[in-house]
Amino acid sequence: MTNRADGSNYAPEGHPQPVCKPGDFRIAAVGLDHGHIFGMCRGLVEAGAELIWVYDPDPAKMKSLLDAFPGSRPASSEEQVLNDPNIQLIASSRIPAERAAFGIQVMQHQKDYFVDKAPLTTLEQLEQVRQAVEQTGQKYAVYYSERLHVESAVYAGRLIQAGEIGKVVQVMGMGPHRLNAPSRPEWFFHRDRYGGILCDIGSHQLEQFLYYTGAKDATITASRVANYAHADYPDFEDFGDVNVVGDNGACGYFRVDWFTPDGLGTWGDGRMFILGTDGYIEMRKYTDVAREHEGDHVYLVNHSGEYHIATHGKVGYPFFGELILDCLNRTEHAMTQEHALKAAELAVRAQILATQGKAAHA
C-alpha cells in the first residue's frame, strides 16, 4: 500500500512468513476510524491470519479495507462479528476514546483484541481493561507501530539484547508527524476523543522507552503540551514533550509534534537515540534527510567501531507471528499484557501531568 502523506495509512509491506496453516487463525476488523488498521491487518495476514469479516458504519471505509484484502467479506453489524464463534481475534482502530469499551466487549465474547494506539484515554478505562483481562483471560494487544512495524527499531532491539552497547541508561525519541489537516476527521481535533498528543502519539515513545531500557515501571517527572500554530483548532495540541525515569534508573526524554514541513519526502523524520554504558545507537526510521528517501537506517558506535546498517527489507516484523502464536498457545512472547498496558498508563499520566498538573507517579 502507498502510505498517505500524513502517515495515517502506514502499512509497510513485509515478506509473508506464516506461522500457522490456512484457516488456523481467523480474524476480523471492526471500527476503521484510523488508517493504521491497514498495517495491523497486513502484519497479521502476512504472518498467516485469515481476515474473514470487515465492518464499519461507513461503507467507504469498509470498501477500502475490503479492496486491500481480497477474500475478506463485509459484515452487516458488529454483533455479527462478535457472535461468530470462528473469529479468534478482532482488530480495531476506532476513535481512541471508544477503544477500551469496545475491547472489553470483544474480550467478553471470548475473543482476543488487537487495538491501535492509543489503546485507551483515561485511567478509569485502564482499570476497566485490566479487570476485563483478568476476568476473561483474553488478550488486549496494542499496535505500537513505531517499534513493531519498523525494521530499524526491531534491529536496534536485537543489538541491545546482544549487549552491543552495554546497559541502556537513556533513550531520547523524536516523533514528528505531518498534520495534513484537511484529511483528518473531526474527532481528531478534540482532546476528549483522541486523548491528547502525549496519550496518542506519545504512547509510541513511552512503549519504546520501556522496551529498550528493560524498565517494568516508570515515573513521569515532567511533561507539557502546547498549541503553537493551530488556533483554528483550539482543543488540539501540536507539541508535547516528556521526561521519564524508569524503575531501573534509566532515564528518557521524548518530543512529539505535528510540524513536519511540506518539503520532507515522508510524513515524519522519526529518530531515536539510545545511550548505553558501552556505546550508542541512532535510528533514522523513515528517511535519511537529503541523502536517501528510504528509511530504516541504524547507526551503531561501540568499543569495536562505527557502523551504519541499512535494515530496510532485511529484518521483517516478527511481532505479528509471535502474537498469532501467543493467541493460539495462550503464551506471552510478542509482548506481555503488563507491558502493553503500562505504556498506555504512562502516556495517560504524562497527559494528565501536562494538562492538569496532577501527580504522575504510578
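In this predicted model, strand E4 (residues 89-92) and strand E5 pair in the parallel sense over 4 bridges. Within this pairing, Leu89 stands opposite Asp112 of E5. On pairing with E6, E5 again runs in the parallel sense, over 4 bridges. Here Val115 has Val142 in E6 as its bridge partner. These pairings belong to an open sheet of 6 strands, ordered E3-E2-E1-E4-E5-E6, with parallel pairing. The edges are occupied by strand E3 (73-74) and strand E6 (140-143); each has a single partner strand, so one side of each is left without a neighbour in the sheet.

Strand E5 comprises residues 112-116, and 5 of its 5 residues are buried. In a regular strand, side chains alternate between the two faces of the sheet. In E5 both faces are covered: Asp112, Phe114 and Asp116 lie on one side, Tyr113 and Val115 on the other, and all are buried. Strand E6 is likewise covered on both faces, with Tyr140 and Val142 buried on one side and Ala141 and Tyr143 buried on the other.

The largest nonpolar core contains 110 residues, of which Phe114, Tyr140 and Ile274 touch the most other members. Helix H11 gives the largest share of this core, 9 residues. Phe114 is one of the buried residues of E5, and Tyr140 is one of those of E6. For Ile274, with neighbours within four places in sequence left aside, the contacts are Ile160, Ile165, Val168, Gln170, Val171, Tyr212, Gly279, Tyr280, Ile281 and Met283.

Ile160, one of these contacts of Ile274, is a buried residue of helix H7. Of the 11 residues of H7, 8 are buried, so the helix is largely enclosed by the rest of the structure. The buried residues are Glu151, Ser152, Ala153, Val154, Ala156, Gly157, Leu159 and Ile160. Just after H7, Gly163 adopts a positive phi of about 80 degrees.

Helix H7 also takes part in the lining of the largest pocket, which has a volume of about 540 Å³. This pocket is lined by 21 residues, and those closest to its centre are Arg147, Gln161, Tyr211, His333 and Ala334. At least two lining residues are supplied by each of helix H6 (145-148), helix H7 (151-161), helix H9 (202-213), helix H10 (318-329) and helix H11 (337-356). By class, the lining consists of 9 nonpolar, 5 polar and 7 charged residues. Helix H11 thus appears both in the pocket lining and in the largest nonpolar core.

A contrasting environment is found at Ala290, in the loop between strand E12 (279-284) and strand E13 (297-302). Ala290 has a relative accessible area of 84%, which is over the 50% cut-off, so Ala290 is classed as exposed. Ala290 and Ala5 are 285 residues apart along the chain, and their C-alpha atoms are separated by 18 Å.

Terms used
Residues are numbered from 1 along each chain as its sequence is written. This is a predicted model: local features need pLDDT of at least 70, side-chain atom pairs count only at pLDDT 80 or more; totals for chains, interfaces and linings use all residues. Side-chain values use heavy atoms; hydrogens and water are left out. On a 1 Å grid over the protein atoms alone, a cavity is a set of points where a 1.4 Å probe fits but cannot get out, and a pocket is an open set with protein on both sides within 12 Å along at least five of seven lines; lining residues have an atom within 4 Å of a point. Grid points are joined across faces, edges and corners, and a volume is the space filled by probe spheres set on the points. Ala, Val, Leu, Ile, Met, Phe, Trp, Tyr, Cys and Pro count as nonpolar, Asp, Glu, Lys and Arg as charged, and the others, Gly among them, as polar. Buried means under 20% relative accessible area, exposed over 50%, partly exposed in between (1.4 Å probe, protein chains only). A nonpolar core is a set of buried Ala, Val, Leu, Ile, Met, Phe, Trp, Tyr and Cys residues joined through side-chain atoms within 4.5 Å. Contact means heavy atoms within 4.5 Å. Two strands pair if DSSP finds at least two bridges between them.
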